[in-house]
Amino acid sequence: MSTSSSSNACKLLLLGRCLRAVLLSVAIQFLLLTVFLLSVNFTLLHPLEWVTGTLRLVASWYTWFASIPLVASVVLYGVSLCQQHLSERPYCPTRYRWLLHYGPRKLLFLGAHLLVGLLTAWLYTGYLHTDYQHLRYQCHAKSCVSAYHVYLLGMGIAAGCYYFVSVHMRQEITIEFPVVEQSRAEKLRELLYGSLTKSLVRSLLPTLSYALAFWLFGPLICRKLSTILFVDADERLEGFFGVATNLRLLFYGYLLTAQILSNMHLMRCFYGILLSEDLPLVVTKQRAAFAQEQEVTMVAGLGVFNVYVVQCLAAYYFYKLALRKDSTQRAEIFQLTEPGNRPANWRSLCDQCLSILGSFTEELTESMQKISVLKGAQSLPMPKISEPVSTSLMAEKLLLRQYNQVHGIRHIVPPRKEDAVDRAADGIRHVPNWCERVSTQLEQALQRLVQRVPGVVYLFNEPEGSKTTFLLANSLPVVYMTQALAQICVASLKEDPYGVVQNDLPAIIKAINKLRNELEKLGSVIGNLKAPSSSFNVLRCAVRRSLYAICNSFCDYLGDILPPGEELRQLQDLVCQ
């Protein structure tokens, strides 16, 4: 199966899970509506009538027809979530490129949040008192704009906007794999209880902030609406005490905000739970005539680079497979194919893992070269030894030169003339003529002039360390893959009857050790970057853990696996720690 067909097959499987997540999101709307009505219509003296009346109201024809707009907005919200999960995640070096690629998607997602919040508030206000139900109401035999209704509708919009800004505006959607395996029912039950309780605490700040904003701008909005609708304005919520003393309205707004935040959190987690379930991958594809055409191998899943979720699921499947002792699927990795007696399973898996590790390490190295601190330390030339100098003095001069270059401190004494003169490859001195000097000065002046224009540097310059941050944020497949590869190497001592892994041990150790060295260099400056420290720590610990597991298992054979040198000494020191 080719890469495109594997990608399409995996997308088709994940699309079915997204549809089930949409159905769960629609069903949860009626559960949250029931919880809201039970909270609003609470009566202690008649508990049976309270429960039966609420259930009768939820199951009425009015509820089913009135909830159609909300259900449509939930479907739109689910489609936006599905599109973000299954779309490609390219690196955008500048903020302008990010706006071109992610801007329309973020605007659509923001619109879905606002629409869900508005329609949730509109549906819930239909079950409240008469003053809250409609935009118009009769006040003193006149038609007026209901400030209560405007307040609750604005609260729904503000809650949707608050959730988008706090969760989705600057972050990409990710899925989290569980540490402890649970059934789907246990995950949903734990999620439902936790979401309802946490939303009650999270909704306090946006509720109070919106009440303060409505005290400042609410009367103006109500007057504008009354002018548009040709009705009188409502003066019940004018002034600070008009808003602060209306406890019932504040309670309704608080409950509405809690419901909307809980609703959006549940919909996002439904996708995470369903998409994090294992894909039906196989190690060896069946060659029988009745084998399914959509059968996807683990190696093909690792090679789906345009869908980040698929690669994460394949790496996680490989990780769990490597931890299963004495399993038939793990034994298939070491088997020889028939006919031919070749280790095709291990060969394709090893080549794919080493290719991913090598490309990730190369990209990480190239991105680190653009970081000023690391670039300055790497580009410093070694001092020329023209006379016997002690080692401590030479180290002190090197550290002083590094400090001066990093902090932009210039020399008091100008450089010598022979150092300022360029030398060609043939050793002939070449001094730039006046045309070249003038053109260079004009180009530098033009660059400085453009950089002084407000917003140009912010939009069109690549932020320092942005590529490194992007790689670390999307390093979850590498985390699982390195640990799985190490476990396979360790298990090969007992389970590999043909020794198919032994020939690739030097390449695997060198690839993981090279990545470890780059991460150690990055660890000294990770505090100066905007990279997520949790992702960096997880990756570095996974790489060190994998390298230690291999070296500890093959510690007696390291001298035979690797040639003598600095790398062998580092690995021997790692085992002795």
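Helices (H or I, at least four residues) and strands (E, at least two) are DSSP runs, numbered from the N terminus. The model is predicted, so local features need pLDDT of at least 70 and side-chain atom pairs count only at pLDDT 80 or more, while totals for chains, interfaces and linings use all residues. Residues are numbered from 1 along each chain as its sequence is written, and side-chain values use heavy atoms, with hydrogens and water left out.

**Exercise 1. Place Ser 87 and list what its side chain meets.**

Step 1. Ser 87 is in the loop between helix H4 (68–86) and helix H5 (95–125).

Step 2. Buried means under 20% relative accessible area, exposed over 50%, and partly exposed in between (1.4 Å probe, protein chains only). The relative accessible area of Ser 87 is 12%, so Ser 87 is buried.

Step 3. A polar contact is a pair of N or O atoms within 3.5 Å; within protein, one must be able to donate a hydrogen and the other to accept it, and residues adjacent in sequence count only if both atoms are side-chain atoms. The side chains of Ser 87 and Arg 105 are joined by such a contact of 3.2 Å. A polar atom of the Ser 87 side chain also lies 3.0 Å from the backbone oxygen of Gln 83.

Step 4. Contact means heavy atoms within 4.5 Å. Not counting residues up to four places away in sequence, Ser 87 touches Arg 105 and Asn 306.

**Exercise 2. Compare the expected span of helix H7 with the distance between its end C-alpha atoms.**

Step 1. The expected span of a helix is 1.5 Å times one less than its number of residues.

Step 2. Helix H7 covers residues 147–168, which is 22 residues, so it should span 32 Å.

Step 3. The end C-alpha atoms of H7 are 31 Å apart, which agrees.

Step 4. Is H7 largely enclosed or not? Of its 22 residues, 16 are buried, so H7 is largely enclosed by the rest of the structure.

**Exercise 3. Describe the surroundings of Tyr 151.**

Step 1. Tyr 151 lies in helix H7, and with 0% relative accessibility it counts as buried.

Step 2. Leaving out residues up to four places away in sequence, Tyr 151 touches Tyr 210, Ala 211, Phe 214, Leu 237, Leu 249 and Leu 250.

Step 3. Tyr 151 and Tyr 210 are 59 residues apart in sequence, and their C-alpha atoms are 9.1 Å apart.

Step 4. A nonpolar core is a set of buried Ala, Val, Leu, Ile, Met, Phe, Trp, Tyr and Cys residues joined through side-chain atoms within 4.5 Å. The largest one has 143 residues, and Tyr 151 is among those with the most contacts inside it. Helix H11 (residues 247–275) gives the largest share of this core, 15 residues.

**Exercise 4. Find the polar partner of Asn 263.**

Step 1. Asn 263 lies in helix H11 and is buried, with a relative accessible area of 1%.

Step 2. Its side chain is joined to that of Gln 29 by a polar contact of 2.7 Å.

Step 3. Beyond four places in sequence, residues touched by Asn 263 include Ile 28, Leu 32, Val 116 and Thr 120.

**Exercise 5. State what is unusual about the phi of Phe 230.**

Step 1. Most residues other than glycine have a negative phi.

Step 2. Phe 230 is not a glycine, although its phi is positive, about 60°.

Step 3. Phe 230 sits in the loop between helix H9 (204–229) and helix H10 (240–244). With a relative accessible area of 78%, Phe 230 is exposed.
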